[in-house]
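Here's a quick tour of one chain, from its overall build down to the place where its domains meet. Have the sequence and the model open as you read.

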Amino acid sequence: MYKLQNLKDALFSPDEETRRLAVIGLSEYPIAKTKGSLFQALGDASWRVRKEAVELLSRIDFSPGMTEELVTLLRSQDNAGMRNAAVEVLVRLGEKAVPVLHPYVKDADHDVRKFIIDIMGSIGNASFVPLLIDALDDPDANVSVAAVENLGKIGDHRAVDPLLNLLDKPDVWLQYAILEALGRIAVPVQVSAIAPLAAHGLLKKAAYECLGAVGGIEAVPILLSGLGEKAKNARRAAAFALDKIRDTMPARIAEEAVDPGLRELQGTPVVELLLECLSTPDTAVRKAVVKILGVIGDKRAAGELLRGCGDYRLRSCCLQAFQAMGEIITPFLEKEYYDADEGERCIITYLCGEMGLQGCTSLLAQGMLDALPAVRKEAVVACGKLGLVDFIPDIIDLLDDFDEDVREGAVVALARLAELDKKAVEGVAEVLAFDKDPEKRRDAAHLFGALKDTERLSLLMKDEDVTVRKTAVGTLADLKNKASTGHLLMALVDEDPEVRISAALALGETAGADAVDSLLLLLKDENPWVRCAALKSLGKLKGRKALHAVETILENAEGAVMIAAIEALGEMGGGRAQGLLERALRNEDEEVVKTAMSLLARNGEQWLGKYREALILHPNWGVRNHFVKLMADLMGKEAGPYLRKALEREVDDLVKGQIRDLLERYE
Amino acid sequence: MIFSAESEISMSDEEFRLIRDLIHSHCGIFFDHDTKYLLEKRLCKRLALLRIGSFREYYHFLKYNRGSDHELSDLMDVLTTNETYFFRESFQLKAFTDEIIPEIKARKEKIGDRELRIWSAGCSTGEEPYTIAMLLLDMQCFNDWRIEIVGTDISHRVLHHARKAVYGRSSFRTTQSYHVRRYFTEQDECFRIADQVKRLVTVSHLNLFDENRVVLLGKMDVIFCRNVIIYFDQIAKKRVVETFYKTLREGGYLLLGHAESLLNTSTAFALRHLKNDMVYQRPYTGEKSGSRL
């Protein structure tokens, strides 16, 4: 007791660290003896002490009486730190605080009412919704707006009609909050209820955002005209909302209902206004604007799109936008290349190859001599894509580039050109095959692969370097030539597991029943990944012997080998395999269960009913996620009631999102 | 800007979460959903190298492979960005040389302790620990002291660079010519760091989640951990900051990046408002009981 009193006294020490340690010390005593001191610490002048008290109190099992006492701290007029700390503890109490909070939404003190409403929103319990709907009529404006905001935060659809009813109230602040809340709830709403507010200067942004969340095809004309708004933030909101609605539509509908309206903006001042919108740090908005610019297809956007490629988050959207613009950008790229920075030169050369821009050959010749390796690499790869056989001597030079990526790019380019100039590429490959550097011999293997020269590849399979052997086997496998079976069987005894894996996989693609015996022997390989490769191929080659071997393996297998064995069973099919797959649904390893589900789904939906309940309630989120997706794929619209039931019971956000998407798809 | 073409294999949300969670439990680095594209693009290179055809298979490779520590290490090389340079965040370094070091030195001299130990956690290619060494050499008041600067990182690739200690021009964007002349020798358009600097620095591989190995580093007087914990989620941050607390001597300093703070992460450190910067300090507790650490 003496020590407890010391700790309580220490809370009055002028030293912050002493007070913080005192709070930690109080955790060793029953709450009944420390409650007053801990509540006092919630109002300490130091944030470190307050935070420590919040942490400690959040771990305690609060009685309703104690929660009531905590609520009274919200009345502390002169200590904002204490009020905020009390709010934090109440929010962290979560569901436990729910019954105590209910009556305080009608407290006489408007500050307390507002705090309570904010806490309710943060806890997000559905029982708060009717109370918050009542609070929409609170005489205090701060409180009613807080009720609107927190109804949005909870996201319950029961709030939609009461919020829409309030929209007529001529209070801009309240209307703004309602638009935001409706957007967060995101339940479809009649566009006519929101549209008039888009005419109000202060509400434009919120109205467009709301339309993006609650509107459908009928919101498109309003949002298209919103792209020309004077205020940048309203324009951005319109672009974001339009892109969001366009994204949710099937591609055919978007092409009919949205894209013509966007293409009409080509050559208009709206394009410049949209380009201005890119100067925001908000990546989601920038992405939306880029996508819209791509559909519009105006050359003026090319510069900004090129710069946008510099940001990895925007790159894919910018590249798609360029693709949508097509050959009209060739003059722009040619002009821009010579003043562009290193990164932009990479992108330009990449685009030339990807878009097949035949007019850019001089630019690519320059690119292959660029000081930056990444540019040389993109340029040489583009030469291959464009089929520029005249550049073969320049490409061969790059096989000796000091940069590994450039050398690799040169091989890729030559492989692409093999069909167009077989003789030239053959000549290069033959020289490389005898190089003393293993990397060059690996390159030779790739080129012989492109030339479909199995004889030369089989020689490289006997190379002294393991990486060359592995590449040769892999390349031979890619050719899927049955005549190579003998070579591949020999590679099964290679001392390197990587070579054995490549050979085993290749046999599954190319060989016939004659390879089964060798693959069965490989099931005893010391390396589990070799065993996996053998199982995969056995699954493809099928047969009674193979099925029996897989069944035997299943007895003791686990992890990757178990999964490979199940996959082999799935490939083999038949009633026996079906039973074994169903047994695997009860496996402890979630990856095994997911694999078994996918394989069972290939043969139809008859297994769903038997295992539905167990799989919807499976402890692993990944299994649940996988199951609901398969169920929807197999049953289509019929899955609706089961999906809704699963949604009610689901706790994981990713799975919930997946179920909602699936329900949307079929409704 | 480094450009690379688009990923050829796409990653589903489920695969993203599985791989993300696996990386997180390995080292605390957390990828939020916005970075899925980045993760997908960078991992594609690993898939191609391993001849793996899908992210699901790659996840299995990490989950079931006994040698996955090696793959996770290679993965870290691909995922972590390591751009840094000498004498970065000069105001903080001024606080270090003008305020923190004199205070620690005076305190140690009083008790006859002549050892100074500094940890650069997440040292990347080594510019930070070598900067610290140069600053201490500049001070010319540690002649009879035992100075040890330990630089650690999770990526083997950057540590190789740090050990080689040869730097290109981009590492010198804020370095005065005086330092270049005094502590570097030019070599094929690059600069090799002088042995007197290198002697003070030890570079080592370390996962900040590996508490046992951190203990082996021993107690520190100052920890630099700049722009590292931004990649961690809240739980991982708490865990790593607690490790730092345990590793620091009482009165020792923790220097984070200028955009980083311990608000909502830890109350264990006191915030010191120095003239040149705000820094965190492990408070003196002396014999006081009640410390949970």
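## Overall build

How many helices and strands are there in chain B? In this predicted model, chain B has 11 helices alongside 10 strands.

As for dimensions, the C-alpha trace of chain B spans about 65 × 55 × 30 Å along its principal axes. The radius of gyration of chain B is 20 Å, which agrees with the value near 19 Å that a compact globule of 293 residues would have.

## Packing and contacts

Of the 293 residues in chain B, 37% count as buried. Now look at the contacts in chain B with a separation of 6 or more: 78% of them come from residues 24 or more positions apart.

## Two domains

The domain assignment splits chain B into domain 1, covering 13-79, and domain 2, covering 90-281. Taken over C-alpha atoms, the centres of domain 1 and domain 2 of chain B sit 29 Å apart.

## Where the domains meet

The contact between them draws on 8 residues from domain 1 of chain B and 13 residues from domain 2 of chain B. On the domain 1 side, the elements giving two or more residues are α1 (13-27) and α4 (68-79) of chain B. Of these, α4(B) supplies the largest share of that side, with 3 residues.

What classes of residue make up the side of domain 1 of chain B that touches domain 2 of chain B? That side has 4 nonpolar, 3 polar and 1 charged residues.

Notes
Residues numbered from 1 in each chain as written. Chains lettered and ligands numbered in written order. Predicted model: local features only at pLDDT ≥ 70, side-chain atom pairs only at ≥ 80, totals over all residues. Domains from an automatic or database assignment. Contact = placed C-beta atoms within 7 Å. Helix = DSSP H or I, 4+ residues; strand = E, 2+ residues; numbered from the N terminus. Nonpolar A, V, L, I, M, F, W, Y, C, P; charged D, E, K, R; others polar. Rg over C-alpha atoms; globule rule 2.2 N^0.38 Å. Buried ≥ 20, exposed ≤ 12 C-beta atoms within 10 Å, placed from the backbone.
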